[in-house]
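Me: I'd like to learn how to read a structure like this one, feature by feature. Can we go through it together?

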Amino acid sequence: VAAGTHELFLKHDPSDMGWSIGDQVGVATTSRGESTKHRIVDIRQATEEFVPIVSAQAGAEESHLPAANAADGNLGSLWSSYLGSSDEHWLEIQPAWISNITRIRFYFQEPRYAPEYRVEVKTSPVDPWRTVANITDGKGGWQEIPLNVDYVHSIRMFAVYSSMWNRGYDGNPGAEPAWLGLWMNEVQIFGRKVGEVMPTVIILDTPVMSDHMGGFTEVEGHMFEAAAEVVNLERPILITGDNDDFYEIMEGFSTSMMGRGIIDVRYTRLEFCGRRHKMGKYCLHLHKVGTCPECIFQGNAIVDSQQVGVTIHGTHRALIDQNTLWDARAAGIYTEAGNEMDNVISYNVIICSRWQVCAVPWQSKGSLQGGGIYMIGMTNDLLYNRVAGYEHGMHTPGSAFPNGQGYAWGKVCPQFTPFG
């Protein structure tokens, strides 16, 4: 999905999953950008989808910077029309199928952008070009042009050569001459295949901030599923803390099962929780419970924690499963003392909106002592968890705590403890 869109395609039908209008969802970045939260304002049939480009050609191109570079999905490559004549600064692309095209996006690199250009289409290979948009405010970076044109066979961007003199940066005049041509990093088109029944999508209240992968991506001849994580942060039960000054005093509520007993928390949203620098004050906390296979944290959403999402301390054989954690500062899931064994930590999604949000000093630890999964107790089963946005996705600093911590100090040796 491209930056700026409100429509979000999911792998599974949102209605079948029980998602509803008004739900809060999070979209994880696939880079070191920012993961974002949104509200669902509608669930309906999609009006468009990303349309693959199968070929690209140009009026002029350098041998090492060909037209194909503008349609390879890589912003790090580019097409150059260097030394093209006045009528050769154009790029033609062909969609993978005859499509109803809703919009097109160009990424020009400054200062070699097209201040003025037109977008033309053909409905068949033998048809003449037809102008569907005239752009007079071209610039560097992404520029999106709505089209809403049916039965498109091919599309062409044709730059107005006379507008290409004296180009500069940030929309200001400069000294870049027209004969140096264009630099275009990427072009993207959106629409729908003629006759296709579009899937159900969620409509967001605010647009996504970044491009996000979806479906399968080819890497060196191999296909990988590389979709951005989309999580629903709503649950039927809500436990919330006083959040008037949550970010100033860095304190919310905390929960704990201490000593012998059973705790079972499922499908609950816990928000504004955790108390920074306070030992034992976490959103969900198993504290020296001992062997407890009946202890379960499952399907919960922990949203905005000042100190850790889930802590396992001196507890064994518990189940931490299918939880979603968003902006759990310091650590998402934490095995604290070093003697925690045989806990199953599975299918959890742990997301920090930006790594700087979650990399914080806590207790006596520095800002880089933490992570999505932070383990002093190593001998636990970690299965199919996903982490995004943390400085350390998984951090196991056994040598930093060679004797363990707290009541386990001197009784364990984390740096030589086996995983799993």
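Me: How many salt bridges does the structure hold?
Reply: Before counting, a word on what you are looking at. This is a predicted model, where local features need pLDDT of at least 70 and side-chain atom pairs count only at pLDDT 80 or more, while totals for chains, interfaces and linings use all residues. Residues are numbered from 1 along each chain as its sequence is written, and side-chain values use heavy atoms, with hydrogens and water left out. Now the general idea: a salt bridge is a side-chain nitrogen of Lys or Arg within 4 Å of a carboxyl oxygen of Asp or Glu. The structure holds 15 of them.

Me: Let's take one. Which residue meets Glu-7 in a salt bridge?
Reply: Arg-44 does, with 3.3 Å from N to O. Glu-7 sits in strand S1 (residues 7-8) and Arg-44 in strand S3 (residues 36-45), so this pair links distant parts of the chain, 37 residues apart. Strands here (E, at least two residues) and helices (H or I, at least four) are DSSP runs, numbered from the N terminus.

Me: Is Glu-7 buried or exposed?
Reply: The general idea is a set of cut-offs: buried means under 20% relative accessible area, exposed over 50%, and partly exposed in between (1.4 Å probe, protein chains only). Glu-7 counts as buried because its relative accessibility is 7%. Arg-44, at 31%, is partly exposed.

Me: Which parts of the chain does the salt bridge of Arg-39 and Glu-234 tie together?
Reply: The closest N and O atoms of Arg-39 and Glu-234 are 2.7 Å apart. Arg-39 lies in strand S3 and Glu-234 in the loop between strand S17 (230-232) and S18, so the bridge ties together parts that are 195 residues apart in sequence. Arg-39 counts as partly exposed because its relative accessibility is 33%, and Glu-234 is partly exposed too, at 25%. There is also a network of salt bridges here, linking Arg-39, Glu-234, Arg-269 and Glu-271.

Me: What about Glu-120: which residue is its salt-bridge partner?
Reply: Arg-156, with the closest N and O atoms 2.7 Å apart. Glu-120 belongs to strand S9 (residues 117-122) and Arg-156 to strand S12 (residues 154-159), so the pair ties together parts 36 residues apart in sequence. Both residues are buried.

Me: On to sheets. What is the strand order in the open sheet of 6 strands?
Reply: In general, strands of a sheet pair through backbone hydrogen bonds, either parallel or antiparallel. For counting purposes, two strands pair if DSSP finds at least two bridges between them. The order here is S19-S22-S25-S28-S31-S34, with parallel pairing. Strand S19 (257-258) and strand S34 (394-395) are the edge strands, each pairing on one side only. Inside that order, 6 bridges join S22 (residues 284-291) to S25 (residues 310-316), and His-287 has His-313 in S25 as its bridge partner.

Me: Is Met-258, in strand S19, buried or exposed?
Reply: Met-258 counts as exposed because its relative accessibility is 57%. Its C-alpha atom is 9.7 Å from that of Gly-290, 32 residues apart along the chain.

Me: And where can I see an antiparallel pair?
Reply: Look at strand S15 (residues 216-219) and strand S16 (residues 222-225), which run antiparallel and are joined by 4 bridges. Glu-218 stands opposite Met-223 in S16. The hairpin has 2 residues between the strands, and Glu-220 takes a positive phi near 50° there.

Me: Last feature: which residues form the negative surface patch?
Reply: Patches are made of residues with over 30% relative accessible area and no salt bridge; like charges are joined within 9 Å, and nonpolar side chains (Val, Leu, Ile, Met, Phe, Trp, Tyr) within 5 Å. Accessible areas come from the Shrake-Rupley method with a 1.4 Å probe, and for residues only the protein chains shown count as cover. Asp and Glu count as negative, Lys and Arg as positive, and His and the chain ends are not counted. A charge is placed at NZ of Lys, CZ of Arg, CG of Asp or CD of Glu. Here the negative patch is formed by Asp-242, Asp-244, Asp-245 and Glu-248. Asp-242 lies in the loop between strand S18 (237-240) and helix H1 (246-249), and is exposed at 56%.

Me: Which residues form the nonpolar patch?
Reply: Tyr-82, Leu-83, Trp-165 and Trp-179, with about 430 Å² of accessible area together. Tyr-82 lies in the loop between strand S6 (79-80) and strand S7 (90-95), and counts as partly exposed at 32% relative accessibility.
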